[in-house]
Amino acid sequence: MEIVNLEAGRLAAYCCEQIRRLIPFGDETEFGLVEKHLPEALQRLDHCVSNVAIWKAGRFDILHSSQYCIFLYYLSNTIWKQEKATAICTKLFLLNKQLNAIDVFYEIEMPEIFFIGHSVGIVLAKATYGNHLVLYQNSTVGKNNGVAPVIEDGVILYPNTAVIGSSRVRERSIIAQGVSVINRDTEPKRIVYQGAENTLVFRESRRDILSDFFRSV
C-alpha cells in the first residue's frame, strides 16, 4: 500500500510518537506491538480504502483524517485480537478520540469495508455491524438496558442519527439526518424519516445511493 505524506518505514514510529505526546508515561516495550502488527493493520486498511469509490485504491494518506481514523481503529483492533494488550490498545483508542473525536473502542468488530464521512461526534457501541457501512458526524449506535442494535449490510447513517437498543437496521436502510431508531426495526432498502410522535416513515429511494460510496455493492 502506498503511504502518502510520510515515509512508509516511519509510520510505526510516527504513531508511537503521537501516543507519547498524548500520554507521556508507560511501558516503552509495548510500542513494539505497533510495529509488529502494522502490516496486518495496513492490509485491512488497504482492503477498505480500495473499495471506497471516492478514494484512490491502494493509497493511504496519513493527513486524510477519515483514512487515519480508520487506520487507528484497525491497528488497535488487530493488536487486541492478536495480543489482548489492553494498555497500548487503550492508548490508540484515546489517540483516535483526541485526533478525530470518535468513540470506536478497539474491542468492537467493525466491518471489513466501511466509510466515514466526518468522524466528529461518532459514538459506536459493541453492536453488530454489517459490511459497506456509512457513518457521518454525530451518528450514534448505542445499547439500551444492555441490548445492542444489529446493523445489516449496506446501511447509511447520516448526520445526527441514532440507532439504539433492540433495533435491527435492515439491509440497505438509509437513516435520514436527525432520525432516531429506538427499539425498532427498519424496512430493507428504504429511506427512514422521522414521523410524528417518534414514529418512523419509510420511503423508497429513487436511486442506489450506496453505489456513490463503494465500488462494488
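**Exercise 1. Methionine 110 and the core**

Task: In this predicted model, find which residues methionine 110 touches, leaving out those up to four places away in sequence.

Solution: Start at the methionine 110 side chain and look around. You should pick up Tyr73, Val104, Leu124, Tyr129, Leu133 and Leu135. Next, put the residue in its wider setting: the largest nonpolar core has 72 residues, and Met110 is one of the four that touch the most other members, along with Leu11, Phe71 and Ile88. H3 gives this core its largest share, 10 residues. As a rule of thumb, nonpolar side chains in soluble globular proteins tend to be buried together.

**Exercise 2. Helix H2**

Task: Work out what span helix H2 (residues 32-49) should have, and hold that against its end C-alpha atoms.

Solution: Count the residues first: there are 18. The rise is 1.5 Å a residue, and the expected span takes one less than the number of residues, so H2 should cover 26 Å. The end C-alpha atoms are 25 Å apart, which agrees. Now follow the axis: at leucine 38 there's a kink of about 50 degrees, shortly before proline 39.

Then sort out the buried side of things. The buried residues are Leu33, Val34, His37, Leu38, Ala41, Leu42, Arg44, Leu45, Cys48 and Val49, so leucine 38 turns up at the kink and on the buried list. Their cover includes helices H1 (11-22), H3 (65-83) and H4 (86-100), plus strands E1 (2-4), E2 (59-61) and E4 (114-116).

**Exercise 3. The open sheet**

Task: Which strands stand at the edges of the five-strand sheet, and what does that leave them without?

Solution: Write down the order, E3-E5-E8-E11-E14, with parallel pairing. Strands E3 (103-104) and E14 (180-182) each have a single partner strand, so one side of each has no neighbour in the sheet. For E3, the partner to check is E5 (residues 123-124), paired in the parallel sense over two bridges. Within that pair, aspartate 103 sits opposite valine 123.

**Exercise 4. Asparagine 183**

Task: Where is asparagine 183 found, and which residues does it touch?

Solution: Look in the loop between E14 and strand E15 (190-194). Asparagine 183 is partly exposed, with a relative accessible area of 34%. Leaving out residues up to four places away in sequence, its contacts are Asn144, Ile164, Gly165, Ser166 and Ser167. Zoom in on serine 166: its backbone nitrogen lies 2.9 Å from a polar atom of the asparagine 183 side chain. For scale, try arginine 206, which is 23 residues from asparagine 183 in sequence and 27 Å away in space, C-alpha to C-alpha.

Conventions
Residues are numbered from 1 along each chain as its sequence is written. This is a predicted model: local features need pLDDT of at least 70, side-chain atom pairs count only at pLDDT 80 or more; totals for chains, interfaces and linings use all residues. Side-chain values use heavy atoms; hydrogens and water are left out. Helices (H or I, at least four residues) and strands (E, at least two) are DSSP runs, numbered from the N terminus. The bend at a residue is the angle between axes fitted to the seven residues ending there and the seven starting there. Buried means under 20% relative accessible area, exposed over 50%, partly exposed in between (1.4 Å probe, protein chains only). Contact means heavy atoms within 4.5 Å. A nonpolar core is a set of buried Ala, Val, Leu, Ile, Met, Phe, Trp, Tyr and Cys residues joined through side-chain atoms within 4.5 Å. Two strands pair if DSSP finds at least two bridges between them. A polar contact is a pair of N or O atoms within 3.5 Å; within protein, one must be able to donate a hydrogen and the other to accept it, and residues adjacent in sequence count only if both atoms are side-chain atoms.
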